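Colleague: Could you take me through one part of this model slowly, the nonpolar core, and place it within the chain as a whole? I am new to reading structures, so please connect each point to the next.

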Amino acid sequence: MEIRERLLLVRKSKKLNQTDFAKAIGVTGSAICNYENGTRPIGNQVIRAVCREFQINEEWLRSGVGEMDSPEPSGVVGDLIETYKLNNFEATFLESYLKLSQEDRQGFCRYVVSVFGDVFAKLSAEDLDALSPCIQSSDVDVASLLQKSPADMTEAEVEALEAEFHREILQEKEAAAGSSVSSDSAGFQNEKRKKA
């Protein structure tokens with residue numbers, strides 16, 4: 001059985017016409033017709049979309065090996081998927097992330113922080129401390145970085161230094177806000193005593 005026939009089998013098993021099947025994976029109905037007739041090759045993006053949207057085993061769709069349906073995750077990950085109603089992409093992402101080594105997960109978190117830094121600017125110092133294994137490189141000594149010329153720093157060292165400065169500034173802001181609140185409330189208490 002060719003891939004085009006397996007694609008047709010997926011569509012038929014989901015009881016969808018070409019137009020509805022196409023909408024679900026983000027292509028046109030005529031594209032599905034061409035894929036199923038073999039007049040147009042099925043690209044990687046389409047294959048991944050079919051597998052993601054319809055929980056199809058990618059190896060089966062590509063080569064016919066294994067079962068058509070993706071195996072259901074079990075254990076804690078399966079429970080998370082069920083509890084939070086994750087779609088196939090989210091479930092696959094979560095499973096893939098958890099299979100990474102701790103070092104690779106921290107590297108991924110550092111990348112996310114570098115891309116979405118403005119989001120992290122809104123976090124409290126306590127939240128940032130919880131993320132510190134991700135946003136600070138464990139093999140970089142911030143104090144020694146201050147001795148280096150910026151031109152001599154690696155990208156990872158620059159990111160670690162930025163994250164440390166950001167964390168320290170947020171801590172100072174929170175401390176200042178906390179002392180401002182406590183002095184305001186002390187002033188309010190003094191005003192109350194004067195009026196009494």
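**The core and its setting**

Modeller: Cys 51 counts as buried, because its relative accessibility is 5%, and a residue is called buried when that value is under 20%. Please keep in mind throughout that this is a predicted model. Cys 109 also counts as buried, because its relative accessibility is 16%, and the structure holds 0 disulfides.

To place the core, it helps to begin with the chain around it. The protein chain is built with 12 helices and 0 strands, so that reading from the N terminus gives α-α-α-α-α-α-α-α-α-α-α-α. Of its 196 residues, 24% count as buried, while the accessible surface comes to about 13200 Å², with 53% of that area belonging to carbon and sulfur atoms. If we take the contacts in the chain with a separation of 6 or more, 46% of them are between residues 24 or more positions apart.

Now to the part you asked about. The largest nonpolar core has 19 residues, and those that touch the most other members are Val 10, Phe 21, Ile 25, Tyr 35, Val 50, Ile 56 and Leu 61. At least two residues of this core come from each of H1, H2, helix H3 (29-37), helix H4 (44-54) and helix H5 (58-63), and H4 gives the most, with 6 residues.

Val 50 is a good residue on which to pause, since its contacts can be followed one by one in the view. When its neighbours within four places in sequence are left aside, Val 50 is in contact with Leu 7, Val 10, Phe 21, Ile 25, Gln 55, Ile 56 and Leu 61. Among these partners, Val 10, Phe 21, Ile 25, Ile 56 and Leu 61 are named with Val 50 as core residues that touch the most other members.

For a contrast with the buried residues, look at two lysines in loops. Lys 15 is found in the loop between helix H1 (3-13) and helix H2 (18-25), and it is exposed, because its relative accessible area is 74%, where the cut-off for exposed is over 50%. The phi of Lys 15 is near 55°, which is a positive value in a residue other than glycine. Lys 85 sits in the loop between helix H6 (75-83) and helix H7 (88-99), and Lys 85 is likewise exposed, with a relative accessible area of 67%. Although Lys 85 is not a glycine, it too has a positive phi, of about 50°.

Definitions and conventions
Residues numbered from 1 in each chain as written. Predicted model: local features only at pLDDT ≥ 70, side-chain atom pairs only at ≥ 80, totals over all residues. Heavy atoms only, no water. Disulfide = S-S within 2.5 Å. Buried < 20%, exposed > 50% of the residue type's maximum accessible area, 1.4 Å probe, protein only. Helix = DSSP H or I, 4+ residues; strand = E, 2+ residues; numbered from the N terminus. Contact = heavy atoms within 4.5 Å. Areas by Shrake-Rupley, 256 points an atom, 1.4 Å probe, with all protein chains shown as cover. Core = buried A, V, L, I, M, F, W, Y, C linked by side-chain atoms within 4.5 Å.
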